[in-house]
Amino acid sequence: MRIDVLTLFPDMFTSVLGCSILKRAADPELHQAKAQGSCDPPVSYHLTDIRDFANDKHNKVDKPPYGGGPGMVIQCQPVYDAVINTEALDPRPATRILMTPQGRTLDQKLVQELAAMPRLLIIAGHYEGIDERVIEKLDPMEISIGDYVLSGGELPAMILIDSVVRLQAGVLGDETSADFESFSPGAEGLLDCAHYTRPSEWMDMKVPDILLSGNHGKIDTWRHEQSRKRTQLRRPDLLKESE
Ligand code: ADE
């Protein structure tokens with residue numbers, strides 16, 4: 001999968017994309033070593049600075065809003081040119097995405113849909129927003145990470161990228177580890193159960209005996225039951241959705 005990000009703040013992405021699982025997912029050397037057939041890593045990231053497409057001699061891409069009001073609005077032309085130029089860099093068709101609090105709320109179902117795409121092009125807006133006309137023209141999928149407002153679409157874009165990249169084949173160490181976590185199809189959309197590790201007793205608190213029994217059939221049943229109870233207690237709305 002190719003992921004393009006269009007932003008006024010590319011530096012915000014470098015440490016997040018350069019660490020841990022997101023870094024490994026795009027590391028050609030790591031994937032070359034264990035490649036079967038293809039040598040390409042599961043993802044590649046490409047950052048485009050919208051300011052590079054400014055027509056203005058001061059590299060400005062924003063102007064005050066018509067009709068007055070606070071803040072600045074990003075102009076149509078730099079955004080449009082950035083999208084068209086970036087798309088032309090690769091023949092794979094891009095799913096255009098705009099991060100905005102007015103969009104469809106990101107959930108695991110949407111993450112799975114996006115994870116199946118060959119290419120995502122994510123526009124991270126900033127300031128008061130982007131001129132509505134370029135949004136109409138580009139017709140991106142508008143996605144929100146929740147009903148609260150951040151100062152820009154960069155952090156939401158990183159959240160979307162993390163959620164999608166970890167579902168790509170070969171990214172998580174254990175191929176099944178994304179299948180049985182909260183909201184996943186393997187877990188029937190339930191919340192994950194509790195997890196424990198050594199020591200078996202800590203501050204007078206014991207790990208449930210069943211987990212030490214070695215009986216994997218019983219452990220699976222117990223975990224499923226725990227997931228159901230936890231979901232009933234914390235997110236009963238999820239049980240109603242699956243009925
Ligand atoms: N930009 C600002 N707030 C946002 C949100 N909640 N989701 C997506 N993009 C945003």
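When I say that two residues touch or are in contact, I mean that they have heavy atoms within 4.5 Å of each other. With that in hand, T95 touches M117, R119, L120 and L121, where residues up to four places away in sequence are not counted. T95 has its place in strand 5, and it counts as buried because its relative accessible area is 18%, where buried means under 20%. I should say at once that what we are looking at is a predicted model, and that every value I mention this morning is computed from it.

Let me step back to the whole protein. There are 9 helices and 10 strands, and the C-alpha trace spans about 70 × 45 × 35 Å along its principal axes. Of the 243 residues, 37% are buried. If we take the contacts with a separation of 6 or more, 70% of them are accounted for by residues 24 or more positions apart. The protein is divided into domain 1, residues 2-165, and domain 2, residues 177-242, and the centres of domain 1 and domain 2, taken over C-alpha atoms, are separated by 35 Å.

Next, the start of the chain. M1 sits in the segment before strand 1, and with a relative accessible area of 12% M1 is buried. Setting aside residues up to four places away in sequence, M1 touches a long list of partners, including P42, V43, S44, R92, L114, V164 and Q168. M117 and L120, which I named as contacts of T95, are also among the residues that M1 touches. By contrast with those contacts, the C-alpha atoms of M1 and G71, which are 70 residues apart along the chain, are separated by 35 Å.

That brings me to the nonpolar cores. The largest of them has 28 residues, of which Y45, L114, I122, L160, I161 and V165 touch the most other members. Two or more residues of this core come from each of strand 1, helix 1, helix 2, strand 5, helix 5, strand 6 and helix 7, and helix 7 gives the largest share, with 6 residues. To take one residue from that group, I161 is in contact with I3, V5, F13, L17, L22, Y45 and I122, leaving aside its neighbours within four places in sequence. Apart from this core lies another one, of 17 residues, among them A82, I123, I130 and I135.

Now to the empty space, which may be of interest to those of us who think about volumes. The count comes to 1 cavity of 30 Å³ or more, and the largest cavity holds about 40 Å³ of space. Which residues line the largest cavity? They are V79, L98, I123, I130, V134, I135, L138 and P140, and by class the lining has 8 nonpolar, no polar and no charged residues. I123, I130 and I135, which belong to the second core, are thus named again in this lining. Helix 6, residues 132-138, gives the most to the lining, with 3 residues.

The largest pocket, for its part, has a volume of about 480 Å³. Its lining is made of 24 residues, of which M99, T100, P101, E128 and G129 lie nearest the centre of the pocket. Strand 5, strand 7, helix 6 and strand 8 each supply at least two residues of that lining, and the largest share, 5 residues, comes from strand 5. Divided by class, the lining of the largest pocket has 11 nonpolar, 10 polar and 3 charged residues.

I will finish with the backbone. Most residues other than glycine have a negative phi, and most peptide bonds are trans. Which peptide bond is cis here? The one from R198 to P199 is, with omega near 0 degrees, and P199 lies in the loop between helix 7 and strand 9. As for phi, S20 has a positive value near 55 degrees; S20 lies in helix 2 and is exposed, with a relative accessible area of 52%. N59 likewise has a positive phi, near 65 degrees, and N59 is found in the loop between strand 2 and strand 3. Is N59 partly exposed or buried? At 39% relative accessibility, N59 counts as partly exposed.

Notes. Residues numbered from 1 in each chain as written. Predicted model: local features only at pLDDT ≥ 70, side-chain atom pairs only at ≥ 80, totals over all residues. Heavy atoms only, no water. 1 Å grid on protein atoms, 1.4 Å probe; cavity = no way out; pocket = protein on both sides within 12 Å on 5 of 7 lines; lining within 4 Å. Points joined across faces, edges and corners; volume = space filled by probe spheres on them. Helix = DSSP H or I, 4+ residues; strand = E, 2+ residues; numbered from the N terminus. Nonpolar A, V, L, I, M, F, W, Y, C, P; charged D, E, K, R; others polar. Domains from an automatic or database assignment. Buried < 20%, exposed > 50% of the residue type's maximum accessible area, 1.4 Å probe, protein only. Core = buried A, V, L, I, M, F, W, Y, C linked by side-chain atoms within 4.5 Å.
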